[in-house]
Amino acid sequence: MSLKYGRFDCRVCLHYNGCCERAFPKVSRINDKTNHMFRLLKLLTFFAGLVLAALAPVSSAGGASPPITLLRVEGAIVPVVADYIERGISAAESRHDAAVVIELSTPGGLYDTTQRIVERILNARVPVIVYVSPAGGWAGSAGTFITLAAHVAAMAPGSRIGAAHPVSGGGELTTAQEEKVTEDAAAFIRSIAQLRGRDPERAESAVRQSRSFSDAEALQANLIDIRAETMEDLLSQVNGRKVTTAGGQEVILNISGAVLHDTGMSRVERFLQVVSNPNIAYVLLSIGSIGIIAELYNPGTVFPGVIGGTSLLLGFYSLGVLNAYWGGVLLILLAFALFIAELFVTSHGLLAVGGVATLSIGSLILFSGNPQALQVSRGLIAGVVIAVTAFFVFVIAAVVRAQRRRAVTGREGMVGQTGTAVTRLDPDGIVLVEGERWAATAIGEGVEQGEEVLVTGVKGLKVTVAKKQKLS
């Protein structure tokens, strides 16, 4: 016999006639329970199918509208910003996102970093939308190149774009060198505008003439595609547009109902962006120099040395990133060297005055070759120069007071102390000063045992004394 759906099927008669059930009642009850379990399992499977069927349309709708990667760029265009944008676009490509939106507000930045960002956008396999936002935002200088390189360029009301004339970095350029840089930037922005179907002449005017455009003017001049008040308005207007990505592939922006995936900077990127601020770099350089000087002046303090060394290294990182003029860096370091020399050389303040002048000049030319957005605030320079000068005036005054103060310890500190003659001094003998026995020589008349004496000098291990009353 074989078990079949809780019943027995006889191999002899090949049909069920109840005899087996009567012969094996216990087995029959077990098989009835099994039959109920099978029916319950079928019912659960049926309900699970209904649930999956109900969820299936939602899943398919989400799959039809891939997410949109949102990148936020605010502040100067420095290398860490390029790393952030490259990382965001690469992640969007790997996920096959519908698009990448770069919300941009920048006064400008480094030209070589701008070229990196533009190159990455032009070679992106996913549509890139640059949105100059919020209202009052600015796509200045480097931001102009980045905006024009986008597949779709948009601006918020009240924003502006332009003023993209290049300036030197790391020092002043000759007229011929400046002309070469300008020609290169003009050709670069023309090629970007032509590739994206925008007006190359208006784009070039932003470089050669430092011309700026409002959002309405930029739209009329065919420099941007859309004016959008909000992100929702932008996505609504962009939906259905056809763009051409790298390799000539045409893509229709089907982003209706797509979810924005806000990809912010990592903690390391945020920290490096803060450190890459020229004002922060200048403060770090100043703090680092003061800390190292304090450690050298008072070895073993440790804390000023640690803080100074760390600040100095971070400052040098920032200076390298921001293409600082190294002549300015050397002048600042020379200023601190002059301050140190003032502590050990009697120059009647001339070295300190030279240090203040050198520090001021070095600070002014430190980032003089950079765009305005990457220069040190004049107010900060004045504040640092005043603070550093006040610090070293305080230190120098303390050194002078210490040099003029009469010694109160050691052998020199014994001069002027009162002692007692242990033996008769005629003129030599023994005296007791500050609890110590000294060989002594009396000047003038002799001193009797037990009389008070005044120490007038120390020569080796012998002191010279005189009767106290003679000098009173």
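Q: Accessible areas come from the Shrake-Rupley method with a 1.4 Å probe; what is the accessible surface of the protein chain, and which share of it belongs to carbon and sulfur atoms?
A: In this predicted model, the protein chain has an accessible surface of about 24,800 Å², and 60% of that area belongs to carbon and sulfur atoms.

Q: What is the predictor's confidence in the protein chain, taken as a mean and as the share of residues that reach 70 or more?
A: Since pLDDT is the predictor's confidence in each residue on a scale from 0 to 100, the mean of 82 is to be set against that range, and 81% of the residues reach 70 or more.

Q: Where does pLDDT stay under 50, and how many contacts beyond four places in sequence does the model have there?
A: One such segment is residues 1–17, for which the model has 29 contacts beyond four places in sequence, while another is residues 53–63, for which the model has zero contacts of that kind.

Q: Why is Phe 303 called buried or exposed?
A: The label exposed requires over 50% relative accessible area, and Phe 303, at 59%, therefore counts as exposed. Phe 303 lies in helix 12, which covers residues 303–321.

Q: What makes the nonpolar surface patch that includes Phe 303?
A: Nonpolar side chains are joined into a patch within 5 Å, provided that their residues have over 30% relative accessible area and no salt bridge; here Ile 287, Phe 303 and Ile 307 make a patch of about 290 Å².

Q: Why is Ala 228 called buried or exposed?
A: The cut-off for buried is under 20% relative accessible area, so Ala 228, at 0%, counts as buried. Ala 228 is found in the loop between strand 10 (226–227) and helix 9 (231–238).

Q: Which residues does Ala 228 touch, not counting residues up to four places away in sequence?
A: With contact taken as heavy atoms within 4.5 Å, Ala 228 touches Tyr 131, Met 155, Ala 156, Pro 157, Asp 233, Leu 234 and Gln 237. For one of these residues, Pro 157, the separation from Ala 228 is 71 residues along the chain, yet their C-alpha atoms are separated by 7.1 Å.

Q: How do you know that strand 7 and strand 10 pair?
A: Pairing calls for at least two bridges between the strands, and strand 7 (residues 152–155) and strand 10 are joined in the parallel sense over two bridges, so the criterion is met. Within this region Ala 154 stands opposite Ile 226 of strand 10.

Q: What makes strand 10 and strand 13 edge strands?
A: The open sheet has six strands in the order 10-7-5-4-3-13, with parallel pairing, and strand 10 and strand 13 (260–262) are its edges in that each pairs on one side only.

Q: Why is strand 18 called mostly covered?
A: Residues under 20% relative accessible area are buried, and five of the six residues in strand 18 (residues 462–467) are buried.

Q: In which sense does strand 18 run with strand 16, and in which sense does strand 18 pair with strand 17?
A: Strand 16 (residues 436–442) and strand 18 run parallel and are joined by four bridges, with Val 465 as the bridge partner of Ala 442. Strand 17 (residues 452–459), by contrast, pairs with strand 18 in the antiparallel sense over six bridges, and there Gly 457 stands opposite Thr 464. The hairpin of strand 17 and strand 18 has two residues between the strands, and in this hairpin Gly 460 takes a positive phi near 65°.

Conventions. Residues numbered from 1 in each chain as written. Predicted model: local features only at pLDDT ≥ 70, side-chain atom pairs only at ≥ 80, totals over all residues. Heavy atoms only, no water. Areas by Shrake-Rupley, 256 points an atom, 1.4 Å probe, with all protein chains shown as cover. Patch = residues over 30% accessible without salt bridge, like charges linked within 9 Å, V, L, I, M, F, W, Y side chains within 5 Å. Salt bridge = Lys/Arg side-chain N within 4 Å of Asp/Glu carboxyl O. Buried < 20%, exposed > 50% of the residue type's maximum accessible area, 1.4 Å probe, protein only.
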